[in-house]
Amino acid sequence: MRAGQGRPAAVIEHPPGEETQWDWVELPDPPAGWAATGYQGKAFLLVGALAHSGRWRGVLCSSMEQPQLIDALHRVAAALGGLTRSWRFDRMATVCHPASGRVSASFAAVAKHYGVQVAICPPRRGNRKGVVEKANHTAAQRWWRTLADEVTPEQAQASLDEFCATRGDARLRTLGGRRGAVSSFLADERLAPLPAPFPAVLTAERKISAQALVAYRGNLYSVPPELAGTTVTVAHRLGADSIDIATAAAPGRPPTVLARHRLATDGAGVMIRDSGHVVALQTAVLAAFSTAAPHRRKQRIPPGPAARAAADALRRPSSSSATSSDVVVDLAAYDRAARGRNTLR
């Protein structure tokens, strides 16, 4: 590892299964279509790397709040194959108190649930977790920069998973005098199995479409049709197989649950509708029908007297405008202007 800003540095030995290093990467300018799913101006990628073998995985998030962190930690640990004995973080506020480095009470419960120790880097010592820092650079420079504009967040996540499995795990390393791909050192890690997800609650604000549907993680869920165009909150407790769609929180008024649906697989593109919502939507659509004759697209509508008078006024030359006979084109002026300009310099 290179020294940072003139400070001495040394290569740190990482025993197999000892440490997972974690870090957030801010990814600017996400595709414009991601704004409807909560990505406002930037995306956030939680990267986890096994310090011994160098294997890394990442999960895209719309924010760095603690529920999103806990969800991403579980998903990345599952993709890595299990748990190491400790997790290393920098001084992020969702894990510890940045000034003192002491683990917060809320995250201590998360660490106890997964049975891992939490290691906090010293202040201003990013090279202490150099394995994940290198993975950050790879994710930003080799994957994010070439991501297509038309992909959804779920498709982007699948693209990242494929990149890590095909490119990241094929990277060559030398450990203990043996050279091989990252995947060849995974058997030495001996990772612990992953428990059920920590029961944090994820929330996301969504706007209801004209078809009374709410988009969440690549799928559509129905609500009563009279709520079309309003904003609701989608809540999902990690590990549960259902989501709640509730009214947006307001001061002095608790949210009201409007619908509860079975949670579909992320990015499946399915539409889950409640039968009562379907009947109510059909009733609302039929009630909006009118017996008035609609405007025919191919109906001939000739110009009326007012339109003809306006056209005649536009065609009539004004006294101040010059007529065509007043315009004189003197090509000699063009000849004088162009003389000498066709010479190569």
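**Exercise 1.** Which helix holds the place of Lys-134? Then work out whether Lys-134 is buried or exposed.

*Solution.* A quick note before we start: this is a predicted model, where local features need pLDDT of at least 70 and side-chain atom pairs count only at pLDDT 80 or more, while totals for chains, interfaces and linings use all residues. Residues are numbered from 1 along each chain as its sequence is written, and side-chain values use heavy atoms, with hydrogens and water left out.

Step 1: Lys-134 sits in helix 3, residues 130–143 (helices are DSSP runs of H or I with at least four residues, strands are runs of E with at least two, numbered from the N terminus).

Step 2: Lys-134 has 52% relative accessibility, so Lys-134 counts as exposed (buried is under 20% relative accessible area, exposed over 50%, partly exposed in between, with a 1.4 Å probe and protein chains only).

**Exercise 2.** Find the strand order of the open three-stranded sheet, and its edges.

*Solution.* Step 1: the order is 9-10-14, with mixed pairing (two strands pair if DSSP finds at least two bridges between them).

Step 2: strand 9 (213–216) and strand 14 (271–272) each have a single partner strand, so they stand at the edges, with one side lacking a neighbour in the sheet.

Step 3: strand 10 (residues 219–222) runs parallel to strand 14, and two bridges join them. Here Leu-220 stands opposite Met-271 of strand 14.

**Exercise 3.** Where does Val-285 lie, and how does its accessibility class come out?

*Solution.* Step 1: look in helix 5, residues 275–287, for Val-285.

Step 2: Val-285 has 43% relative accessibility, so Val-285 counts as partly exposed.
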